[in-house]
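Me: I have a protein to look at for class. Can you walk me through it?
Reply: Sure, let's bring it up and start.

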Amino acid sequence: MTKKQQTRRPAERFDLQSIRREWDIASEAYADAQDRGADYYRFNYFGPAMAEACGDVNGLKVLDIGCGTGYFSRLMAKNGASAVTGVDLSPNQLTHAREYEVKERLGINYIEGDAASVTENLPEASFDLVTACVSLVDMPDPARVIRAAHRVLKHGGRLVFTNTHPVTDTVSREWIHDADGNRLGLWISDYFDESPFNLNWMSDRYKYPFQTTGNSYTLQTWMRWLINAGFILQDFVEPVATDQAIAQHPGLQDTRLVPLFLIIVARKDERLIPPP
Ligand SMILES: C[S@@+](CC[C@H](N)C(=O)[O-])C[C@H]1O[C@@H](n2cnc3c(N)ncnc32)[C@H](O)[C@@H]1O
């Protein structure tokens, strides 16, 4: 690397209308990759790690925000949650989610709308667990969603979310290879740039390429959002793929080089005095 490169294009728009449109277009390819099991990062890496971070969900009332085609909502229902509500902005994503309900009824209630507004309008202290699987970075105002999640949680309830890792999923990033093309590590820059950028999903895992918009926030920003909402940190997980997963999907070796995903478990503790 000889000169600094901005490797991702800044987004022109990142509002509810543009986000809904992008995910409506993406939805068919996104759902298809899951149906075929091609999305192995999800099935063999961050998905199981996030489910483990949620612990025993038996009998819990769960709200899954940015539920997309319902992957994590279904996982929670299958793991014993007593009631699951999924919220997503994209009608097409929810169409896929509801199709799964027709194939295998789990009783999940899907709501279409902006996660922040929908959650603000749900009854206070009505959920045991709020989850967000790779969705908060796709929303225009994660801080507002985190505050709303805190309000709907019961005392002792948890917010569990995963995103790509803030330290490595930055505006500028590029893999560094050896002479044989093997990945050696990751070059990152512009860590403090918190402006939205375009994400191009062009891998052969998807039946057509699509573009969505997301944001990368510093670890400091995430921590302050949680603290200011009144949460305490219960767990902080930087998952790595298991030997078995890497044997099946050698690409997952990358997860041993640098942290690629982060899972946060935050707890609502009403005895906590909110910071001024
Ligand atoms: C990367 S997908 C993740 C979907 C799902 N959680 C999963 O694990 O596959 C991000 C999702 O966030 C949704 N989303 C983005 N902004 C949103 C908002 N403001 N309110 C609700 N959902 C939103 C998108 O429609 C999309 O389905």
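Me: What share of the 276 residues counts as buried?
Reply: In this predicted model, 40% of the 276 residues count as buried. Buried means that 20 or more other C-beta atoms lie within 10 Å of the residue's own; exposed means 12 or fewer, and partly exposed is in between, with C-beta atoms placed from the backbone.

Me: Any ground rules for a predicted model?
Reply: Local features need pLDDT of at least 70, side-chain atom pairs count only at pLDDT 80 or more, and totals for chains, interfaces and linings use all residues. Residues are numbered from 1 along each chain as its sequence is written.

Me: What radius of gyration does the protein have?
Reply: The protein has 18 Å, which agrees with the value near 19 Å for a compact globule of 276 residues. The radius is taken over C-alpha atoms, and the globule rule is 2.2 Å times the number of residues to the power 0.38. Along the principal axes, the C-alpha atoms fill a box of roughly 55 × 50 × 40 Å.

Me: How many helices and strands are there?
Reply: There are 8 helices and 11 strands. These are DSSP runs numbered from the N terminus: helices are H or I with at least four residues, strands are E with at least two.

Me: In what order do the 7 strands of the open sheet come?
Reply: The order is 3-2-1-4-5-11-10, with mixed pairing. Two strands pair if DSSP finds at least two bridges between them.

Me: Which strands stand at the edges?
Reply: Strand 3 (109-112) and strand 10 (231-237) do. Each has a single partner strand, so one side of each is left without a neighbour in the sheet.

Me: Got a pair from inside that order?
Reply: Take strand 1 (residues 61-65) and strand 4 (residues 127-133), which pair in the parallel sense over 3 bridges. V62 has L129 in strand 4 as its bridge partner.

Me: Which strand pairs antiparallel with strand 6?
Reply: Strand 7 (residues 183-189), through 6 bridges. H177 is bridged to R183 in strand 7. The hairpin has 5 residues between the strands, and G181 takes a positive phi near 90° there.

Me: Is strand 6 buried or in the open?
Reply: Strand 6 (residues 172-177) lies largely in the open, because the number buried among its 6 residues is 0.

Me: Back to phi. What's the usual sign?
Reply: Most residues other than glycine have a negative phi. A125 is not a glycine, yet has a positive phi of about 50°. A125 sits in the loop between helix 5 (115-120) and strand 4. V134 is not a glycine either, and its phi is positive at about 40°. V134 is in the loop between strand 4 and helix 6 (142-152).

Me: Is V134 buried or exposed?
Reply: V134 counts as buried, with 21 C-beta neighbours inside 10 Å. A125 is partly exposed, with 13 other C-beta atoms within 10 Å.

Me: New topic. Which residues come nearest the ligand?
Reply: W23, G66, G68, S90 and A115, out of the 20 residues around the ligand. Near means that the C-beta atom, placed from the backbone, lies within 6 Å.

Me: Which helix gives the largest share of that shell?
Reply: Helix 1, with 3 residues. Helix 1 (16-35), helix 3 (71-78) and strand 2 (83-88) each supply at least two.

Me: How does the shell divide by residue type?
Reply: Into 12 nonpolar, 5 polar and 3 charged. Nonpolar means Ala, Val, Leu, Ile, Met, Phe, Trp, Tyr, Cys and Pro; charged means Asp, Glu, Lys and Arg; the others, Gly among them, are polar.
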